[in-house]
Amino acid sequence: MKKILVTGGTGFIGSHTVVELQQHGYEVVIVDNLSNSTIDVLDNIAKITGIMPAFEQFDLADAALTADFLKRNSDISGIIHFAAFKAVGESMEKPLNYYRNNLQSLINLLEGMKTNGISNMVFSSSCTVYGQPDELPVTEQAPIKQAWSSYGNTKQMCEEILRFTTLAHPIHAIALRYFNPIGAHETALIGELPLGVPNNLVPFITQTAIGKRGCLSVFGDDYKTPDGTAIRDYIHVVDIAKAHVVAVERMLNGKSKLDLEIFNLGTGTGFSVLDVINAFERVTGEKLNYKIVPRRPGDIEMVWADTRFANEELGWKAEKNIDDMMLSAWKWEKALAEKQSS
Ligand code: UFG
């Protein structure tokens, strides 16, 4: 059985990916410092798959701890590296925390891969590297523009670190540029767990509908889009998770064509904020309290993915639609509320 290290494996995308890996016959070891997740995610993964993943809690930005871990686990076939800070707003207040954490953890992992002969990494990147693209849908060849946040800049820099490191050493990497991952596992046992007030749209929608928040603020209706609200490419987290299994298999089967390959993970369809609200209301039957407020600083107007390269070359395609995303996110919010009230 091939062993995969999943860093950040108790987080939102990480936990869904662990489930998919286990269901595809991989042995998983998770490293997470639990800075933005909780330990009971492990039990919930085990409830879904019947297998408790191995787990170690430490900070990958610590070079000595990471080196020691990889020395003890040199039989790992590949690493999926999710662990990172990801709040755009916070990254503007504490840029050095973002550079230190996101860059250092990647460097420490790559150093350990080099030392221990581990040759495959899948890296969590983001469509944020494109900024506001000149042409839509955006392809992987679109120019990388000046970042809009230090968070986004860490993703750009990490891709560059991967480019030169995979060139110099026998390491292969696949960077997956996620668009807007939302939704939750169909069992409602795992999902997104925002601590405090959510920054992202869908957790804010579900928390408003369940009564945790009074009113959703829609940030801006004066964009140059059909209804004036900003457009994104929302994608179901389980589709994202499945893409990681495909990427791991591609590397393990020696099918990578370049030392570093980059793929967009989106559906190829853009939805405005009002489209998402309407879809949520339609599929759940809930009425959402919302108001239009000024634009959020740093937001781009619109982005959606050109998915052809991922579809044709990676051999992966998003399968779930906006209704699946809304229903699963709502089921998860209701399950959380039940857990908290019991
Ligand atoms: N929005 C609202 N109200 C809210 C929250 C969001 O109207 O309460 C709007 C935003 O203005 C934006 C859209 O909903 O137009 C989506 O916002 P999110 O915060 O959910 O997602 P972003 O597109 O801003 O950010 C996501 C990821 C980032 C990543 C970025 C790249 O969360 O990690 O995409 O574009 F950097």
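In this predicted model, helix H7 (residues 201–210) packs with helix H11 at an angle of about 55°, and their axes are 10 Å apart. That angle makes H7 oblique to H11, as it falls outside the ranges for roughly parallel, roughly antiparallel and roughly perpendicular helices. The crossing of H7 past H11 is right-handed. On the H7 side, the residues that take part are Val202, Pro203, Thr206, Gln207, Ala209 and Ile210, and they meet Met326, Ala329, Trp330, Glu333, Lys334 and Ala337 of H11. Sorted by class, the residues of this contact comprise eight nonpolar, two polar and two charged.

A short reminder may help with the numbers here: two packed helices are described by the angle between their axes and the distance between the axes.

Helix H11 (residues 322–341) also has a meeting with helix H9 (residues 273–284), where the axes come within 9 Å and cross at roughly 70°. An angle from 65 to 115 degrees counts as roughly perpendicular, and H9 and H11 are therefore described in that way. H9, too, passes H11 in a right-handed crossing. From H9, the contact draws on Val276, Ala279, Phe280, Arg282, Val283 and Thr284, while H11 supplies Ile322, Asp323, Met326, Leu327 and Trp330. By class, eight of the residues where H9 meets H11 are nonpolar, one is polar and two are charged. Readers following along in the structure can look for Met326 and Trp330, which appear in the contact with H9 and also in the contact with H7.

Another helix pair brings together H5 (residues 95–116) and H6 (residues 150–168), whose axes come within 9 Å and cross at roughly 20°. Because angles under 35 degrees count as roughly parallel, H5 is roughly parallel to H6. The crossing of H5 past H6 is right-handed. Here Pro95, Tyr98, Tyr99, Asn102, Leu103, Leu106, Ile107 and Leu110 of H5 meet a set of H6 residues: Ser150, Tyr151, Asn153, Thr154, Met157, Cys158, Ile161, Leu162 and Thr165. This contact of H5 with H6 has 12 nonpolar and five polar residues, and no charged ones.

Attention now turns to the ligand. There are 21 residues around the ligand, and those that come nearest are Leu201, Ser217, Arg232, Arg296 and Asp299. Ser217 uses its backbone: a polar atom there is 2.7 Å from a nitrogen atom of the ligand. Arg296, in turn, has an N or O atom in its side chain that is 2.8 Å from a ligand oxygen atom. Asn200 also places a polar side-chain atom 2.9 Å from an oxygen atom of the ligand.

Two details of the backbone complete the picture. Most residues other than glycine have a negative phi, and most peptide bonds are trans. Leu34 has a positive phi, near 60°, although it is not a glycine. This residue is found in the loop between strand E2 (27–31) and helix H2 (40–49). Further along the chain, the peptide bond from Leu136 to Pro137 is cis, with omega near -5°. Pro137 has its place in the loop that runs between strand E5 (120–126) and H6, the helix that packs roughly parallel to H5.

Technical notes:
Residues are numbered from 1 along each chain as its sequence is written. This is a predicted model: local features need pLDDT of at least 70, side-chain atom pairs count only at pLDDT 80 or more; totals for chains, interfaces and linings use all residues. Side-chain values use heavy atoms; hydrogens and water are left out. Axes are lines fitted to C-alpha atoms, for helices over the stretch in contact, and angles run from 0 to 180 degrees between N-to-C directions. Helices (H or I, at least four residues) and strands (E, at least two) are DSSP runs, numbered from the N terminus. Angles under 35 degrees count as roughly parallel, over 145 as roughly antiparallel, 65 to 115 as roughly perpendicular and the rest as oblique. A crossing is left-handed if the near helix is turned anticlockwise from the far one by less than a right angle, and right-handed if clockwise. Contact means heavy atoms within 4.5 Å. Ala, Val, Leu, Ile, Met, Phe, Trp, Tyr, Cys and Pro count as nonpolar, Asp, Glu, Lys and Arg as charged, and the others, Gly among them, as polar. A residue is near a molecule or strand if one of its heavy atoms lies within 4 Å of it. A polar contact is a pair of N or O atoms within 3.5 Å; within protein, one must be able to donate a hydrogen and the other to accept it, and residues adjacent in sequence count only if both atoms are side-chain atoms.
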